[in-house]
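Here are a few short exercises to work through with the model open in your viewer. Try each task before you read its solution.

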Amino acid sequence: MISKTKPLIQKLLYLALCILLLYQIYVLVRQLFDRSTVTNLPVPFYKRENLAIHVDRVTKKKKGSICPILQGGLGNRLFQFSTSFAAARTKQMELIVPPDAEIRKVFAINVTSDKPKRSCKGFRKVLDKASPTYNKSLLSFSSEDNVQLGYGLQSWKYFHMYDTELRRQLTFQKHIQINAEQTIEKILQRRKIKYRKSITLVGVHIRRGDKVQNNDGFKIATPEFLNRSVNYYVKMYATVLFLVISDGMDWSKKYMPTHVPVEFISLGKREFDMATVVACDHTIMTIGTFGWWIGYLTGGKVVYVKDVAKKGSRFERILSFQDHFYPQWIGL
């Protein structure tokens, strides 16, 4: 019996020695760790007056506002809004478009302040006097300024960097979209076209009106231009239908080429007409900002009048083709 218990006692003694050794190692390591972390570093000291100055500078830095001067036709107002939108995004400024602005009734704009127009009273005016030309220095004002931005601003270079965001803002109001869709659907049904994708629709805007007898140097579209333009698309696509809107419908019906299928649209409101041709695949524009924006919003190919300015005219002097027309658009 004694011989059996002796090895057990030896094992217990050995285990006790191991535990004691491990405890001593633990105590030694803990002491070393405590010495390495306890240092006599000075407590950081911040002067209260310096802190106050910093906070004061931050709170005093104000954000400026941009009020687009929205005037002229719908095409002009789109240039004025779009340039102001881009400038406000770049400079992180507030963009003010009053809730009763016409452009809000046509497009579902939702990124602007809806302060009333009187909020812009007294703001410094920054005006573009050479409309179809890009003027980089025009937008050199401080982001803390309050400005009214206006006149032409008719260059894609002012807002192309925000193209995707801008197109979202320039979505037609729902009732206008529905009207356009229904108009096209009726046309396709009347022509016994079952599938929208089976045909290429080309929207055509023929500007006449006040440009017929203008003294500014605009060259209105000729029957020859219309013929060249429709042929451009006919050669490119197998089945094409042209939808025409115009402020000179009698002239348009007389001179629009007859060797291609054509539908003439007049819905009584310019925004309904515009939305219908914007729902097409491609565009033929003649002159004017209304047609320019039809081409932009449609997003397909755009054909425009190449020799739009009369030689020696004021319009020729202020027009920059590179600034006004997108480089991928086609002049004929």
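**Exercise 1.** Find the largest nonpolar core of this predicted model and work out which residues have the most contacts inside it.

*Solution.* Start with the count: the largest nonpolar core holds 62 residues. Next, pick out those with the most contacts within this core: Phe 81, Phe 107, Phe 159, Met 274, Trp 292 and Trp 293. Then turn to the elements: those that give two or more residues include helix 3, strand 4, helix 6 (174-190) and helix 10 (289-298). Helix 3 supplies the largest share, 8 residues.

**Exercise 2.** List what Phe 81 touches, leaving out residues up to four places away in sequence.

*Solution.* Take heavy atoms within 4.5 Å as the cut-off. Phe 81 then touches Pro 68, Leu 70, Leu 95, Val 97, Ile 103, Ile 109, Thr 112, Leu 166 and Leu 170. Now look for another core: a second, separate one has 25 residues, among them Val 202, Val 240, Trp 251 and Met 256.

**Exercise 3.** Trace the sheet with the order 2-1-4-3 and place helix 3 on it.

*Solution.* First, note that 4 strands form this open sheet, with parallel pairing. The edges are strand 2 (94-95) and strand 3 (124-128), each pairing on one side only. Helix 3 (residues 74-91) packs on the sheet and touches strand 1, strand 2 and strand 4 (146-151). The direction of helix 3 makes about 170° with that of strand 1. Finally, zoom in on strand 1 (residues 65-68), which is joined to strand 2 by 2 bridges; here Ser 65 stands opposite Glu 94.

Terms used: Residues are numbered from 1 along each chain as its sequence is written. This is a predicted model: local features need pLDDT of at least 70, side-chain atom pairs count only at pLDDT 80 or more; totals for chains, interfaces and linings use all residues. Side-chain values use heavy atoms; hydrogens and water are left out. Two strands pair if DSSP finds at least two bridges between them. Axes are lines fitted to C-alpha atoms, for helices over the stretch in contact, and angles run from 0 to 180 degrees between N-to-C directions. A nonpolar core is a set of buried Ala, Val, Leu, Ile, Met, Phe, Trp, Tyr and Cys residues joined through side-chain atoms within 4.5 Å. Buried means under 20% relative accessible area, exposed over 50%, partly exposed in between (1.4 Å probe, protein chains only).
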